[in-house]
Amino acid sequence: MSLLSISALKALSAVADQGGVTRAAEKLALSQSAVSHKIKRLEESLGCVLLNRRAGGPLLTEDGYHLLTYGRRIVSLHDEAVMSLKRAPLNGKIRIGLTEDVTSSGAARVLGRFRRMYPEVVIQITVSQSLPIEAQLMAGTLDVGVIQTFVHRTAETDVILSGDRLCWIKSPDLTLDLSQPLPYLAFGTECFYRHWMLDSGLPEGVEAETVLTCSSTAGII
């Protein structure tokens, strides 16, 4: 076995992304023992411990996180090289809708790789709010959209990329008087969270007042 097996690096990355060996095995369509064996072989070949097997500790050891940084880059380049040799001719145009937070989470790197592999494909990107992107998808003016939505509103054709928990956030210095309207910051009139708040997000008897409307995350912050 070589020092750095691509399959083992993919297993390590899946463990980090999924939060454990069990979920990583499900993601990779492997057994839990197979994933554990891959990482164990990698540890033996490198002579270091990558997974923290103590309950309550961090998921990876310091060496594990250090290798993960290199491992993601190695796997990315490996996959790009394989695709560049096997790709079929592809051309045309794809229209993509992204929210502002998605554009700062590695989207440029992914789209850059795609562009290098398929230079004949024209990529057009629209950055907007989730609700306008959803409307454009329904109207057929966008081909793909990466948006926020609630689980109960997802369609069978949707792909859930990640999950999150919705929380209220306020300044530690702000004392809330719930007998008065709640000061609310909104991402414009089509703010996904504002629509949720007005529909069902407020406790009974509590009202809200929009004190700032801004479509930019930087402006809200």
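In the predicted model, strand β4 (residues 182–186) and strand β5 (residues 208–213) pair in the parallel sense, and five bridges are found between them. Within this pair, L185 of β4 is placed opposite L212 in β5. The two faces of β4 differ in their surroundings, in that L182, Y184 and A186 form a covered face, while P183 and L185 form an uncovered one. The connection from β4 to β5 is made through helix α8 (residues 192–201), and the resulting β-α-β crossover is right-handed.

A further group of strands, β2, β1 and β3, forms an open sheet in that order, with parallel pairing. Strands β2 (121–127) and β3 (144–146) occupy the edges, and each has a single partner strand, so that one side of each is left without a neighbour in the sheet. On average, and with direction ignored, neighbouring strands of this sheet are turned by 20° against each other. Strand β1 (residues 92–98) runs parallel to β3 and is joined to it by three bridges, with L98 standing opposite V146 in β3.

Two helices are associated with these strands. Helix α6 (residues 107–117) packs on the sheet, where it touches β1 and β2, and the direction of α6 makes about 165° with that of β2. Helix α7 (residues 130–139), in turn, lies across β1, β2 and β3, running at about 160° to β3.

Towards the beginning of the numbering, a helix pair may be described in similar terms. Helix α1 (residues 6–18) packs with helix α3 (residues 32–46) at an angle of about 115°, and the axes of the two helices are 9 Å apart. The helices α1 and α3 are therefore roughly perpendicular to each other, and their crossing is left-handed. On the α1 side, the contact is made by S7, A8, L9, A11, L12 and V15, which meet V35, K38, I39 and L42 in α3.

Helix α3 also contains A34, which counts as partly exposed because its relative accessibility is 26%, a value that falls between the limits of 20% for buried and 50% for exposed residues. A34 and V21 are separated by 13 residues in sequence, and the C-alpha to C-alpha distance between A34 and V21 is 9.7 Å.

Definitions and conventions
Residues numbered from 1 in each chain as written. Predicted model: local features only at pLDDT ≥ 70, side-chain atom pairs only at ≥ 80, totals over all residues. Heavy atoms only, no water. Buried < 20%, exposed > 50% of the residue type's maximum accessible area, 1.4 Å probe, protein only. Helix = DSSP H or I, 4+ residues; strand = E, 2+ residues; numbered from the N terminus. Pairing = 2+ DSSP bridges. Right-handed = clockwise from strand over helix to strand, strands pointing away. Axes fitted to C-alpha atoms, helices over the stretch in contact; angles between N-to-C directions. Contact = heavy atoms within 4.5 Å. Parallel < 35°, antiparallel > 145°, perpendicular 65-115°, else oblique. Left-handed = near helix turned anticlockwise from the far one by under 90°.
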